[in-house]
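Please open the model in your viewer, with the sequence panel beside it, and follow the stops below in order.

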Amino acid sequence: MVNENMPKILLEAQNIYVNYGAIQALAGFSLKLMENEIVSVIGANGAGKSTFMNALMGMVKISSGNFLLDGYPLSSKNYKVVRSGLALVPEGRRVFATLTVEENLKIGAFTRKDTSDINEDYEWVFSLFPILKERLKQYAGTLSGGEQQMLAIARALMARPRVLLLDEPSLGLAPIIIKEIFRELKRINEQGVSILLVEQNARQALLLSNRAYVLQTGRLLKEGLSRDLLEDKDIKAAYLGQSA
């Protein structure tokens with residue numbers, strides 16, 4: 001008998017391998033994301049975190065393994081991944097510098113035909129990041145780093161994703177901006193969007209997420225509730241800058 005109160009698996013990575021020539025970037029990494037959950041993947045630079053996100057989005061070819069959404073295979077074509085309900089905020093933000101804020105947001109909604117709902121979502125992202133409404137006609141390349149990160153998140157949200165993927169959202173930002181952005185990520189999740197983020201800033205990621213996976217040179221080192229990993233002596237020593 002199915003327990004209706006059991007959380008539903010929304011997104012699953014099963015035994016993912018990715019090779020770059022002779023280099024094995026991911027070696028059998030598996031992950032589950034439940035509906036309405038925030039999951040983080042932490043690890044040092046070069047652990048395979050960004051490779052995993054790019055593979056999930058169809059931008060890196062996997063050697064073996066499966067990605068499932070709602071229990072069905074996820075396409076390996078990037079535009080189909082977006083249409084299925086995943087949207088990526090890439091590492092380094094990658095806004096279109098020579099386009100305005102408004103034009104960047106329109107690009108985020110390129111797979112959608114529901115014009116009236118798109119207009120509603122403009123107001124949604126402006127409620128999250130009011131500064132973007134003030135900067136609507138400004139070229140994205142002239143925004144501050146924090147504003148560009150807000151725009152990158154808002155652009156992804158314009159695809160109306162079921163799963164928001166974030167690759168190093170705190171990279172290069174001041175602590176006060178990181179705190180603001182992570183607060184808004186919590187609000188986004190509370191409004192029904194599941195979130196998967198990869199982060200070198202382990203403390204911020206663990207404070208935000210429900211569960212976490214620790215990657216080390218392409219392999220799973222540990223997984224568990226984020227609050228437990230925050231107290232784990234090995235995680236403290238290796239990723240949180242604290243002695244056991």
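Is Asp70 buried, partly exposed or exposed? Select Asp70 to begin: in this predicted model, Asp70 has a relative accessible area of 26%, which places the residue in the partly exposed class. Now add Lys8, whose side chain forms a salt bridge with Asp70, the closest N and O atoms lying 3.4 Å apart. This pair ties together distant parts of the chain, since Asp70 sits in the loop between β4 and β5 while Lys8 belongs to the segment before β1, 62 residues apart. Lys8 is likewise partly exposed, with a relative accessible area of 41%.

From here, move to the strands that follow and precede these two residues. Select β1, β2, β4 and β5, which make up an open sheet of four strands in the order β2-β1-β4-β5, with antiparallel pairing. The edges are formed by β2 (23-34) and β5 (72-73), each of which pairs on one side only. Within the sheet, β1 (residues 9-20) and β4 (residues 64-69) are joined in the antiparallel sense by five bridges, and if you label Leu11 you will find Leu69 of β4 as its bridge partner.

Next, select helix α4 (residues 115-128) together with the loop between α6 and β7 (163-167), where Asp121 and Arg160 respectively are found, 39 residues apart. Their side chains meet in a salt bridge with an N to O distance of 3.0 Å. How accessible is Asp121? Asp121 counts as buried because its relative accessibility is 5%, and the cut-off for that class is under 20%. Arg160, by contrast, counts as partly exposed at 39%.

Staying on helix α4, select Glu123 and then Lys133 in helix α5 (residues 130-134), a pair ten residues apart. These two form a salt bridge whose closest N and O atoms are 3.7 Å apart. Glu123 is partly exposed at 43% relative accessibility, and Lys133 is partly exposed at 47%. Before leaving the charged side chains, display Lys8, Glu35, Asp70 and Arg162 together, as salt bridges that share partners join these four into one network; the count of salt bridges in the model comes to 17.

Turn now to the open spaces. Which residues lie nearest the centre of the largest pocket? They are Asn78, Val82, Leu88, Pro90 and Arg155, part of a lining of 18 residues around a space of about 420 Å³. To see where the lining comes from, select α2 (78-84), β6 (86-89), α3 (101-108) and α6 (145-157), each of which supplies at least two residues. Colouring the lining by residue class will show 14 nonpolar, two polar and two charged residues.

The second largest pocket has a volume of about 170 Å³, and its lining includes Ala55, Leu56, Asn66, Phe67 and Pro73. Both α1 (49-56) and β4 contribute at least two residues to this lining, which divides into seven nonpolar, four polar and one charged.

For the last stop, select β9 (residues 211-216) and β10 (residues 219-225), antiparallel strands joined by six bridges. Val214 stands opposite Lys222 in β10. The two strands form a hairpin with two residues between them, and in the turn Thr217 has a positive phi of about 45 degrees.

Definitions and conventions. Residues numbered from 1 in each chain as written. Predicted model: local features only at pLDDT ≥ 70, side-chain atom pairs only at ≥ 80, totals over all residues. Heavy atoms only, no water. Pairing = 2+ DSSP bridges. 1 Å grid on protein atoms, 1.4 Å probe; cavity = no way out; pocket = protein on both sides within 12 Å on 5 of 7 lines; lining within 4 Å. Points joined across faces, edges and corners; volume = space filled by probe spheres on them. Nonpolar A, V, L, I, M, F, W, Y, C, P; charged D, E, K, R; others polar. Buried < 20%, exposed > 50% of the residue type's maximum accessible area, 1.4 Å probe, protein only.
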